[in-house]
Amino acid sequence: MEGRGSVLGENVRVIQELFTPSVQHTLDLVGIFVFAISGALLAVRKNFDVFGIAVLAEVTALGGGLFRDLVIGAVPPAAFTDLGYFLTPLLAALLVFFLHPEVERIQLGVNIFDAAGLGLFCVAGTTKAYEYGLGLTASATLGLATAVGGGVLRDVLANEVPSLLRWDRDLYAVPAIVGSTMVALCIRYDALNTFTSALAVVTTFMLRLLAMRYHWRAPRAWHRRSTAVEVAE
Amino acid sequence: MEGRGSVLGENVRVIQELFTPSVQHTLDLVGIFVFAISGALLAVRKNFDVFGIAVLAEVTALGGGLFRDLVIGAVPPAAFTDLGYFLTPLLAALLVFFLHPEVERIQLGVNIFDAAGLGLFCVAGTTKAYEYGLGLTASATLGLATAVGGGVLRDVLANEVPSLLRWDRDLYAVPAIVGSTMVALCIRYDALNTFTSALAVVTTFMLRLLAMRYHWRAPRAWHRRSTAVEVAE
Amino acid sequence: MEGRGSVLGENVRVIQELFTPSVQHTLDLVGIFVFAISGALLAVRKNFDVFGIAVLAEVTALGGGLFRDLVIGAVPPAAFTDLGYFLTPLLAALLVFFLHPEVERIQLGVNIFDAAGLGLFCVAGTTKAYEYGLGLTASATLGLATAVGGGVLRDVLANEVPSLLRWDRDLYAVPAIVGSTMVALCIRYDALNTFTSALAVVTTFMLRLLAMRYHWRAPRAWHRRSTAVEVAE
């Protein structure tokens, strides 16, 4: 952080002050909670026991940030220093354990919160990576990894093809890429503040909601051979 | 380690002296060996070649400790600085390569040693994480991760659902959670010494043996939908 | 690096000067590019969308080096500090996205380049690990991990058994083990220079080509039970 020019450093300080720790922390916990719900629900679908539900909730919620922290050298990672980060997924796991039919029924609500988590994590991840001295492209990439990494680990542990990579799912990464890129551009043009950060979060959130509403998909490779397996929707 | 109060630091020193390096090291190698056997046996079942057997032995034996060391910032990890840690799994792989029907036949013996490895690793992992300055909850979590992480990596590389997470397997993580928690409580109440450490190892070991003997299982989520796939035992 | 004897340190310096940064960097980018092609091709076969193709290209190309850098404590890893490392896989992904039937048709050419990448990565990985103070065995192991790690991550993300571990694939790791070991022995006997490094690269490359040409396989465990699943070639 010290190596940065004072103007950009000032930006980062401003955002840190405006997003006071308690506000930022609360938003983090919200994102962690909703991601944990998605992990716990997959664990129930895979017929895991209560311990497996807790593990998948923890991994989904904290995996992306853990990867980011290992890459930027922020050890021990936040996932292991903040008790709230650790306990929140357990709460989500308990909730799903006892009430999962009810939670499944409000899947739409879960998805909306998940979209909010996506926005919060990609912005927070990009900002933190930049604070640790990474370049703009690397910071945006790590912001994306923070937002989607937990879900990839969740699917790998559940022995499924990561839904992030499948063509037959609504756009998930692209909204996060847009959000991370917005933060990187704001840093580049010296315009990162509470308002622009919030704008990046909201843009990611809205794009994800639109992708779900209108089933936006990303294209697959051109000229696919007819032997390619078509996955039914 | 320096940041800890002198009393707790004294505890850690005492255990380090009583468990002299050679004793601790020997116990570590025993744990590594039995974990490597379980990895090599799965590799044979998956029809891997001799190289695949060696890789799965190494990953199963060292994966949990490697993860812990990356998280606490102990780089290079012990897996890469201690030649014995690296060579022991190769020995186990060779043994299974040439004698796997015999090793399979003594599966019960392997399971008993594996239970011992579980106890040793969760206690050693919790203690090491605490020495590196992590909190009690984080230390216990990393102790658990040290004990079960290698097995999870083994199953992911073999493209199987981690047996740790499946409901139709006898309790495996819960004994390790009990052992890690005992160590953390001993540290908290200033009672960590050779005796209490050994007690935590033995408790984990016995709980795992009982879980195997009586097929203890953890509960799955309440109100599972009838469509959930029931896995036959 | 500082802790090494001056003679070995001198060796490392010599190789660093002879392989001038631009030559080394160009070779790195070539290796990254061909590994990325293999990741992108698998993504197309798995029917991933354009984003999945890019992710698998990045992971395949950079995963091995990323693992090495995390283990030796070189954070942030080269994958996140060198823009060329990040952009090259995207280029490969685009190429495969638009032209994958043509790329598949030159599969032999891709395989030859991949063999070259294998040689380059295992030599560069071993050298870098040694520079960061690891022992000779650990350095050779990390050289191997640098060369094959990306492919393993690629297969795990694609939810397949890593082709590295399957007995029904031509030798892949063994050439890299030979190359890494050659580098380690050269360091040990104070003979690492441009010529011996190039020799290790070429040896790995040729062994891999021969393994593909003559379908060399590694043996599986002795006395396999007849129930073992025989995978048809």
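Q: Accessible areas come from the Shrake-Rupley method with a 1.4 Å probe, and for residues only the protein chains shown count as cover; how much area does chain A expose, and what share of it do carbon and sulfur atoms supply?

A: Chain A exposes about 9900 Å², and 68% of that area is supplied by carbon and sulfur atoms. This is a predicted model, in which local features need pLDDT of at least 70 and side-chain atom pairs count only at pLDDT 80 or more, whereas totals for chains, interfaces and linings use all residues. Residues are numbered from 1 along each chain as its sequence is written, chains are lettered from A and ligands numbered from 1 in the order in which they are written, and side-chain values use heavy atoms, with hydrogens and water left out.

Q: Which elements make up chain A, and in what order do they run from the N terminus?

A: Elements are DSSP runs numbered from the N terminus, helices being H or I runs of at least four residues and strands E runs of at least two. Chain A has eight helices and zero strands, so that its elements read α-α-α-α-α-α-α-α from the N terminus on.

Q: What percentage of the residues in chain A is buried, and what percentage of its contacts joins residues at least 24 apart?

A: A residue is buried under 20% relative accessible area, exposed over 50% and partly exposed in between, with a 1.4 Å probe and protein chains only. By that scale, 55% of the 233 residues in chain A are buried. A contact means heavy atoms within 4.5 Å, and of the contacts in chain A between residues at least 6 apart in sequence, 77% join residues at least 24 apart.

Q: How many salt bridges does the rule count over all chains?

A: Side chains of opposite charge can pair when their charged atoms come close. The rule asks for a side-chain nitrogen of Lys or Arg within 4 Å of a carboxyl oxygen of Asp or Glu, and over all chains it counts 18 salt bridges. One of them joins A:Asp170 to A:Arg217, with the closest N and O atoms 3.4 Å apart. This pair links distant parts of the chain, 47 residues apart, since A:Asp170 sits in the loop between helix H6 (136-157) and helix H7 (173-188) of chain A, while A:Arg217 belongs to the segment after helix H8 (194-214). A:Asp170 is buried at a relative accessible area of 18%, whereas A:Arg217 is partly exposed at 26%.

Q: Which residue does B:Asp168 meet in a salt bridge, and which does C:Asp170 meet?

A: The partner of B:Asp168 is B:Arg166, at 3.0 Å from N to O; B:Asp168 is buried, with a relative accessible area of 10%, and B:Arg166 is partly exposed, with 23%. In chain C, the side chains of C:Asp170 and C:Arg217 meet at 3.3 Å, N to O. C:Asp170 lies in the loop between helix H7 (136-157) and helix H8 (173-188) of chain C and C:Arg217 in the segment after helix H9 (194-214), so this pair ties together parts that are 47 residues apart in sequence. Here C:Asp170 is buried, at 17%, and C:Arg217 is partly exposed, at 26%. Elsewhere, A:Arg68, A:Asp69 and A:Lys128 are joined into one network by salt bridges that share partners.

Q: By what turn and shift can chain A be laid on chain C?

A: Copies are superposed by least squares on the C-alpha atoms of residues with pLDDT of at least 70 in both. A turn of 120° with a shift of 0.0 Å along the axis lays chain A on chain C with an RMSD of 0.0 Å, which is the relation of a three-fold axis. The C-alpha of chain A nearest the axis is that of A:Asn159, 3.9 Å from it. The copies use different surfaces, since 9% of the contact residues of chain A recur in chain C. Chain B is likewise superposed on chain C by a rotation of 120° with 0.0 Å of shift along its axis, at an RMSD of 0.0 Å.

Q: How much area is buried between chain A and chain C?

A: The size of an interface is often given as the accessible area lost when the parts come together; here buried area is that loss with a 1.4 Å probe, summed over both parts. Between chain A and chain C it is about 2600 Å², of which carbon and sulfur atoms give 71%. A:Val71, A:Leu165 and A:Trp222 supply 23% of the area that chain A buries against chain C, more than any other three residues. The contact takes 34 residues from chain A and 27 residues from chain C.

How values were computed: Areas by Shrake-Rupley, 256 points an atom, 1.4 Å probe, with all protein chains shown as cover. Buried area = accessible area lost by both parts, 1.4 Å probe.
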